[in-house]
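Let's take a look at a protein fold together, one helix at a time. Have the 3D view open and turn it as you read.

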Amino acid sequence: MKVFFIGFGQAGGKIVDRFIEFDNRTNGSSFRAIAVNTARTDLMGLQHLNFEDRVLIGQTSVKGHGVGTDNDTGAQITFDEIDIIMNAIDRKGIGDTEAFIIVSGLGGGTGSGGSPVLARHLKKIYKEPVYVLGILPAPEEGRLYSYNAARSLATLVKEADNVILFDNSAWKNEGESIKGAFDRLNDEIVRRFGLLFRAGEIGQLGIGEMVVDSSEIINTLRGGGISSVGYAISEVINSAPVEKDRSFFDRIIGRKQIEERRPEDKLLGEDKTSRILSLVRRAMLGRLTLPCEYTTTSRALVLVAGPPDDLDRKGIEKAKSWVEENIAGVEVRGGDYPAQSRYVAAVVLLASIADAPRVTNLLEIAKETKATSERIDEENVLKLDESIEPLFE
Ligand code: GDP
């Protein structure tokens, strides 16, 4: 799929920078990107985006220092300076772009406030769908982050064609600081979405037997709302020997190359089918980017990537049927992505889900936070003696 990424704010910029690194490293040409921010230093810290693709907004109001966690200001600056962003997109050229993906941390200020504004403008101007890959804050970041995320999310589901979420708190390890986890979390993000969004392109081993093309991803996401992604990998047993060098696909999934396999390890027929089925089950029942009640999914897409010998058509069909039996909707698309590797990977896109406890919890925190801050504004005022006259009225 040809994707135009816009990294908005610090998290968005860093993650998009990683997508570009991934595309360069795997000799792809599917991704193009710009980064937008109100903070100059965040833009300077990026490593893979061209300098001309880094867009600083709000220079007159915040002078390159960012908006802190004030997402109202993030939204206002984006409204005021939308032309600067649209010009940067134009300058880059959308070429054969099939979808826009805005990436941002929803708990902060710039990306949280700016993303919904940008989604609205992109939708006005281009016919291609506009998706958001949104990062939810961890509760320990404080109630303001949750409040920001809830407001941004409530706006995004109206403005964007679909909002795919990654929940930082579900991915952070026990005892690990959120900042310390960013690099690892960003790897997890790029691994899943990198593979999903590369679907349909012609890889080194040609096109799949059951190719997933861009229109299938778009149709899966067309119900809007909130979506989540599952992922699992398994080492193949019947792979043809691969070069010592890490193959293209191993670089995607981030695994080191291992040595050759014995031919007698070959799996046949039913074994292959059941391995694919169990891999897809693991992807859907394991840790999702946004933990959710998967039975409430409207549409799903199953992508299985790996050596052609292991990409069993019957297995993929069975896996699709299994997914269909377990979700609310009836539309399950799917296919394969052949790649030389010692691994088979399954990505399951659960689109338009109706129940995600973390989102419900975020909305509750946001409501409480709003009520508390209104009460504080009203009640918590230092009362001065009214008999003292002010200097002037
Ligand atoms: P902004 O620059 O004002 O848009 O705000 P940030 O992007 O800095 O932060 C917003 C949210 O993104 C917070 O909840 C952070 O925890 C999260 N965040 C910041 N950087 C990263 C990152 O590199 N990876 C991930 N997964 N989350 C991040």
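What follows is a short tour of the whole protein, then of two of its helices and a few residues around them.

Keep in mind that this is a predicted model. The protein contains 14 helices and ten strands. It has 393 residues, and 50% of them count as buried. If you take the contacts with a separation of 6 or more, 83% of them come from residues 24 or more positions apart.

Here are the two helices we'll spend time on.

| Helix | Residues | Number of residues | First to last C-alpha | Expected span |
|---|---|---|---|---|
| α7 | 143-159 | 17 residues | 24 Å | 24 Å |
| α9 | 178-198 | 21 residues | 29 Å | 30 Å |

**Helix α9 and its neighbour**

Let's begin with α9, whose reach of 29 Å is close to the expected 30 Å. Where is the kink in α9 centred? Look at R184: the kink there is about 35°. Many residues of this helix are buried, among them L185, I189, V190, F193 and L196. The run from R192 to R198 is buried too. Once α9 has ended, you soon meet G200, which has a positive phi of about 90°.

Now find α1, the helix made of residues 9-25. Its axis and that of α9 come within 10 Å, crossing at roughly 55°. Why do α1 and α9 count as oblique to each other? Angles from 35 up to 65 degrees fall in the oblique class, so the pair gets that label. The crossing itself is right-handed.

Which residues meet where these helices pass? On the α1 side they are K14, I15, R18, F19 and F22, and on the α9 side N186, I189, V190 and G194. Within that α9 group, I189, V190 and G194 are buried. As a bit of background, an α-helix has 3.6 residues a turn, so residues three or four places apart point the same way.

**Helix α7**

Next stop is α7, which spans 24 Å from its first C-alpha to its last. Its buried residues include Y145, Y147, L153 and L156. What covers the buried residues of α7? The cover includes the helices α4, α6 and α14, along with the strands β5 and β6.

Is K158, which sits in α7, buried or exposed? It has 10 C-beta neighbours inside 10 Å, and 12 or fewer means exposed, so K158 counts as exposed. To finish, hop from K158 to G225: they are 67 residues apart along the chain, yet their C-alpha atoms are separated by 8.1 Å.

Key: Residues numbered from 1 in each chain as written. Predicted model: local features only at pLDDT ≥ 70, side-chain atom pairs only at ≥ 80, totals over all residues. Helix = DSSP H or I, 4+ residues; strand = E, 2+ residues; numbered from the N terminus. Expected span 1.5 Å × (residues − 1). Bend = angle between axes of the 7 residues up to and from the residue. Buried ≥ 20, exposed ≤ 12 C-beta atoms within 10 Å, placed from the backbone. Axes fitted to C-alpha atoms, helices over the stretch in contact; angles between N-to-C directions. Parallel < 35°, antiparallel > 145°, perpendicular 65-115°, else oblique. Left-handed = near helix turned anticlockwise from the far one by under 90°. Contact = placed C-beta atoms within 7 Å.
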